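Student: Hi! I have a new structure open and would love a quick tour. Could you walk me through it?
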2 protein chains.
Amino acid sequence: MRWSRLYVPTLRQDPADADAVSHRLLLRAGYVRQLMAGHYTLLPLAVRVRTKIVDIIREEMSRIGAQEFSLPAMHPAEIWQKTGRWDVMGDEMFRLRDRKGADIALGMTHEEIFTTLALELRSYRDLPQMWYQFQTKFRDEPRPKSGLIRVREFTMKDAYSFDVDATGLDTAFDAQQAAYVRIFERLGIPAVAVQASSGSMGGSASVEFMCPSTAGEDLIVRCPSCGYAANVEKATSRVEAAADEAGPDAPEQFPTPGVRTIADLADGFGAPADRQIKTLVYLLDDELTLVLMRGDHGLVEQKLLDATGARSVRPAHPEEIREALGALPGSLGAVGVSGPRIVADEALRGRRNMFTGANVDEVHLRGVDVSRDIAVGSWADLREVVAGEPCANCGTGLEVLRTIEVGHIFKLGYKYSEALDLTVLGADGTRVTPIMGSYGIGVERALAAAVETHHDDAGIVWPVSIAPFAVAVVVVGKDEETVAAAERLYAELQAAGVDVILDDRAERPGVKFADVELIGIPFRVTVGSRGVKAGALELTHRATRETESVPLDAVSARVRELVNQ
Amino acid sequence: MRWSRLYVPTLRQDPADADAVSHRLLLRAGYVRQLMAGHYTLLPLAVRVRTKIVDIIREEMSRIGAQEFSLPAMHPAEIWQKTGRWDVMGDEMFRLRDRKGADIALGMTHEEIFTTLALELRSYRDLPQMWYQFQTKFRDEPRPKSGLIRVREFTMKDAYSFDVDATGLDTAFDAQQAAYVRIFERLGIPAVAVQASSGSMGGSASVEFMCPSTAGEDLIVRCPSCGYAANVEKATSRVEAAADEAGPDAPEQFPTPGVRTIADLADGFGAPADRQIKTLVYLLDDELTLVLMRGDHGLVEQKLLDATGARSVRPAHPEEIREALGALPGSLGAVGVSGPRIVADEALRGRRNMFTGANVDEVHLRGVDVSRDIAVGSWADLREVVAGEPCANCGTGLEVLRTIEVGHIFKLGYKYSEALDLTVLGADGTRVTPIMGSYGIGVERALAAAVETHHDDAGIVWPVSIAPFAVAVVVVGKDEETVAAAERLYAELQAAGVDVILDDRAERPGVKFADVELIGIPFRVTVGSRGVKAGALELTHRATRETESVPLDAVSARVRELVNQ
């Protein structure tokens, strides 16, 4: 490709409003443009990178025997209604009516539709099946942000497995997990595989692949010693057993004027945060619920959903709280409360002589014995792990990292096959319900994650595997000999199958070099008259910004060597 | 690829409800499944074919310097409102509201969005540009039918050119046209390039690429002698000049009891159809309009739209007709009518002594002189060409063919650049509005058109260029020697880069042979114990169903020779 015939609208200035590094660089280097919030155009350079990412994923899917399909993006509502997800997906699902008034969903994911296709499978002999596609997904994100990282429309590689039993699912899941490890390695994305919540997808287990980045929206917990890793939505840590002194025979009220927060009570009334019971009020599927946490612990809402099986969660409004408990946040408690459901975090189990609100504004209780004084309906791990807490496996201090989710794989179990009446004839002649898995990678998000991982002050530093071009041959000088040498090298590299761009633009060398660095081409060969006359060219490595001198007739071989490393 | 690991759900019976040959064969041979009317899943075989079609199109686009983009499928309403097409597209555009209540269109085509991207172009030096993408288009077709031929969701290659002047557009248009000719040739689609109406796309000229097929919905007119070809929506032919005898000084009424049709008047009252004036009543953008045709001529509604510039057309309801003219269809005429607009077909120009309705039920007029008696507002070619009529160029009898539209290219002119305020700095320092073209191919429709063109009683007969596999190695027999020979040949062909499938299924030879024919693989090598022992294998050509015997060690070379032909 000749640069003069390529549309690469690089920007001199950093664009306003680009929060993430990848967003800023992809705009500035002429890879993407925003059409509206959450919807991006890929310009030619980005199309090249995406194609390479897709090819790598496709190779790894083929390697594990997955077969490529292509399903519609528009789905009849009925199929989503059968699994209940027409309602569960809420505002995140784009919906429309066609000219005949039929309800239609834009596909956010394809469990339902692939399962419908699988209804044609007849027998256990037709299993296992592993099916996948590259396809546009539509999700009405409440807050699209960070360029390609959180969007409303994106390409997904989504795969689905159908097996005759759980052992088969384990095999499929392990094959996908191994493929994901290879894929992210080949893409140059240092993804960490972590245990995760399955969320609205359902199922028994899931693993996320998380790329560390300050632009991420997910926190993961990782043990530097034993390898434990989990999304903060799922992660646990060891909590020191408390040795509470015995308290009074019954809780005692005391006035706490001006107290609104855990810190207020700790500072003014000698009640350390870890001896307080924090009372949060939520609506879980519209049912008012008290959630009890230790004063110094944070709640993870996803854990609350997973523990209770609720589909939706929101904090109660102040008026709802006052109506239920008779007080406002700051003085709430669960002592003596018998109406609403009470869910307590495991860290409160067995605790005595604690502080909590009295459900009278500016009045608290002390000497609370959780098991004696509070009618806890259920116990669960609801607590957010904090960096430095001991690993539950090995006791080492845990790390907490900000990450981008680039892949997520699920053991779905029977949720979709049962809801959609998928059965096959079993080996014993009875009907068997296949067990399913699903496996997704966000393609443009992976592209952005690669940029988040590989950049410097001058621009993007693509891994060779997915760079839009492996090498740029930059002509500096207009004399015939120089131009001819550049053209010869360009032709030679093309003939050798190297993905090469010839920078033949009538620009100053400084502009050309800066553009090559900005768009992130791994290797640059500079063809100037001095080098041509001297019989040696400069070859610059983008990653290190180091330059080596290579004899003119050895450049092609050297470039091929570097590219194939 | 091993057939045992490929999902190819062939059907023993012809599926019900499959009208077109391609629809029937693609279902039966396990290429596609319908999710809902107009929405199809491509199964692995079809994905393979589509990939090959896309690769061919991409090669030809690259060859003419077009650059690949990827634009969003969801568009903000505002951009479509600026060009007026938010309204023009009517029910054919899928629309929805997002969670914030914003109006969104699902892209039917991308003139508006590509033009918006082009707003970043600064100068005439940035032109020409030729941009394209492969992307899913959504169109709410009133009557999806014929499998992949008329659907609501499909992949389109759409290209857009931006040039500084009309000469530049001509160059771009010619390059695309030449690329289309090469593409359809490589796809094995005998497409005829025809002049066409630009319809809602606007612009000064357009050419359609039409594949002859009984499943088509478009009629084209072609001259077997001079090469003239046009869509019937645009086609003309020579009309013999009429030699009317002089009539009376004024039209004369006569009663015509029971007359409702042209034929009634011809049969019962000696008024040959070509001496009658047929009066049709239409609403053009809600304006009632009389359309006058010769009695034996058919009206082309698209010609009426193109001639009047109207956006919408529908026949008037009987009550609207009676209110306007005082009579019902069967006795309508335009003599003395002064209210509604009157548009007349060119074939009526200068005619005298004609018959028409009197706007009194069961009363007609004779002796009508069109220029004397009817206040024609405008003249236009509105007539549908009929097979056998003389070519307007050379007089040869014209053919009329039923066809599938597989491509359509447009000289758009300034419609979109003006509506969206696209200008660049011109060479003389003034602002210049770029002139545009757009160029589309429906990818899955091309796939179906190839099947419509290439099939026989046993199934599909793919051209080698787009076949899912070029050759099938079919194992018949289970003995070690046979299986080993087949595996060796399979490996050898794979190593030679031949797209080969090994039919390793535990099926009877007859089933295997029938499946290879049904799915349409161009070449079949049969590996059985007798052939292996004799040192020669049977190589069967799908197209001719002829078999040649090839020495065992020459099979790979012979297959490569055939595939590369």
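Tutor: Happy to! Chain A splits into domain 1 (46-212 + 404-452), domain 2 (252-380) and domain 3 (469-564). Keep in mind that this is a predicted model.

Student: Okay, how far apart do the C-alpha centres of domain 1 and domain 3 of chain A lie?
Tutor: For those two domains of chain A, the C-alpha centres are 42 Å apart.

Student: Now the two chains. What turn and shift lay chain B on chain A?
Tutor: A turn of 180° with a shift of 0.0 Å along the axis does it, and the RMSD is then 0.1 Å. That is how a two-fold axis relates two copies.

Student: Which C-alpha of chain B is nearest the axis?
Tutor: In chain B, that is the C-alpha of Leu96(B), at 2.6 Å from the axis. Both copies also use the same surface, since 100% of the contact residues of chain B recur in chain A.

Student: Nice. How many residues does the contact take from each chain?
Tutor: Chain B gives 49 residues and chain A gives 49 residues. Between them, about 4200 Å² is buried, with carbon and sulfur atoms giving 60% of that area.

Student: Which three residues of chain B supply more of its buried area than any other three?
Tutor: Look for Tyr7(B), Leu35(B) and Arg99(B), which supply 17% of the area that chain B buries against chain A.

Student: And how many salt bridges are there across the interface?
Tutor: The rule finds five between chain B and chain A. A salt bridge that you can display joins the side chains of Arg152(B) and Asp98(A), at 2.9 Å from N to O. As for polar contacts, 18 residue pairs are counted between the two chains, with both residues at pLDDT 80 or more.

Student: Which element gives the largest share of chain B's side?
Tutor: Strand β2 (residues 39-42) of chain B does, with four residues on the side that touches chain A. By class, that side of chain B has 28 nonpolar, six polar and 15 charged residues.

Student: Switching topic: what is the peptide bond from Leu127(A) to Pro128(A) like, cis or trans?
Tutor: The bond from Leu127(A) to Pro128(A) is cis, and its omega is near -5°. Most peptide bonds are trans. Pro128(A) sits in the loop between α5 (111-118) and β7 (129-138) of chain A.

Student: What about Leu127(B) and Pro128(B)?
Tutor: A cis peptide bond joins those residues too, with omega about -5°. You will find Pro128(B) in the loop between α5 (111-118) and β7 (129-138) of chain B.

Student: Last one: is phi of Asp421(A) positive or negative?
Tutor: Positive: phi of Asp421(A) is near 55°, and this residue is not a glycine. Most residues other than glycine have a negative phi. To find Asp421(A), go to the loop between α11 (415-419) and β22 (424-425) of chain A.

Technical notes
Residues numbered from 1 in each chain as written. Chains lettered and ligands numbered in written order. Predicted model: local features only at pLDDT ≥ 70, side-chain atom pairs only at ≥ 80, totals over all residues. Heavy atoms only, no water. Least-squares fit on C-alpha atoms with pLDDT ≥ 70 in both. Contact = heavy atoms within 4.5 Å. Domains from an automatic or database assignment. Buried area = accessible area lost by both parts, 1.4 Å probe. Salt bridge = Lys/Arg side-chain N within 4 Å of Asp/Glu carboxyl O. Polar contact = N/O pair within 3.5 Å; in protein donor to acceptor, adjacent residues only side chain to side chain. Helix = DSSP H or I, 4+ residues; strand = E, 2+ residues; numbered from the N terminus. Nonpolar A, V, L, I, M, F, W, Y, C, P; charged D, E, K, R; others polar.
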